[in-house]
Structure formats: structure tokens, C-alpha cells
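The following exercises concern the geometry of a helical model and the exposure of its residues. Please work through each task before reading its solution.

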Amino acid sequence: MNVFPDFNGLTGIDGLRDVVGALLTITLIASVAALVVSGVAWAFGASSGNYQLASRGRTGVLVALGAAVLAGGGVALLNWLISVGDQL
């Protein structure tokens with residue numbers, strides 16, 4: 001069975017690819033910014049003995065890392081799935 005999506009069958013697909021690429025870039029930039037801010041909050045909370053600020057900073061770091069991994073890894077996962085689909 002040779003079933004593969006026809007990416008050129010829709011009008012405006014190039015514009016959609018540009019929008020998705022821009023959203024991915026914005027997501028990664030926001031993740032890095034959140035990572036920096038959360039890391040600073042974590043460091044400040046840990047050095048000043050404020051356990052609540054340190055805990056929230058650590059949570060922010062983990063969430064920002066998770067968002068960056070999901071955004072970047074989503075592209076790799078979809079490319080891998082498409083290549084596996086080509087082999088079927």
C-alpha cells in the first residue's frame with residue numbers, strides 16, 4: 001500500500017509552512033527566555049534562602065526545558081514518522 005500525503009494538493013500550503021516555522025521559532029525563543037529568567041530566579045532564591053522562590057524557579061526551568069524539547073523534538077519525530085511511512 002503506497003499512501004503518502006500530498007503536500008502540494010492544497011492552495012496556500014507554502015504560507016502555512018511559513019506560519020508554522022515562525023511559530024516554532026517564537027516558541028523556541030520564548031522557551032530560552034523563560035529558561036534564563038527561571039534560572040536566575042532559582043539561583044537568587046537558593047542563594048537568599050527563599051525556598052519558595054527557588055522551588056518556583058526550578059519548576060520554571062523544567063517547564064521551559066520541556067517546552068523546548070517538545071518543540072524541537074516534534075519536528076524530528078514527525079520527520080521520522082514520515083520516513084517510516086515511506087518504507088511501508
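## Exercises on helix geometry and exposure

The second helix, H2, has a kink of about 30° centred on Gly73. The model is predicted, so local features need pLDDT of at least 70 and side-chain atom pairs pLDDT 80 or more, while totals for chains, interfaces and linings use all residues. Residues are numbered from 1 along each chain as its sequence is written, and side-chain values use heavy atoms, without hydrogens and water.

**Exercise 1.** Determine how far H2 reaches from its first C-alpha to its last, and set this against the expected span.

*Solution.* Step one: helices are DSSP runs of H or I with at least four residues, numbered from the N terminus. Step two: H2 has 37 residues. Step three: the expected span is 1.5 Å times one less than the number of residues, which gives 54 Å for H2. Step four: H2 reaches 52 Å, close to that expectation. The kink at Gly73 is a bend, namely the angle between axes fitted to the seven residues ending at a residue and the seven starting there.

**Exercise 2.** Describe how H1 and H2 pack, and state the angle and the distance between their axes.

*Solution.* Step one: H1 covers residues 13-48 and H2 covers residues 51-87. Step two: axes are lines fitted to C-alpha atoms over the stretch in contact, with angles from 0 to 180 degrees between N-to-C directions. Step three: the angle is about 160° and the axes are 7 Å apart. Step four: H1 is therefore roughly antiparallel to H2 (a term for angles over 145 degrees). Step five: the residues of this contact comprise 17 nonpolar, eight polar and one charged.

**Exercise 3.** Classify Gln87, Ala76 and Asn2 by relative accessibility.

*Solution.* Step one: buried means under 20% relative accessible area, exposed over 50%, and partly exposed in between (1.4 Å probe, protein chains only). Step two: Gln87, in H2, is exposed because its relative accessibility is 69%. Step three: Ala76, also in H2, is partly exposed because its value is 47%. Step four: Asn2, in the segment before H1, is exposed at 76%. By contrast, the buried residues of H2 include Ala54, Gly57 and Gly60.

**Exercise 4.** Which separation in space do the C-alpha atoms of Asn2 and Leu88 have?

*Solution.* Step one: Asn2 and Leu88 are 86 residues apart along the chain. Step two: their C-alpha atoms are separated by 7.3 Å. Step three: for Gln87 and Gly60, 27 residues apart in sequence, the C-alpha separation is 40 Å.

Terms used
Helices (H or I, at least four residues) and strands (E, at least two) are DSSP runs, numbered from the N terminus. Angles under 35 degrees count as roughly parallel, over 145 as roughly antiparallel, 65 to 115 as roughly perpendicular and the rest as oblique. Ala, Val, Leu, Ile, Met, Phe, Trp, Tyr, Cys and Pro count as nonpolar, Asp, Glu, Lys and Arg as charged, and the others, Gly among them, as polar.
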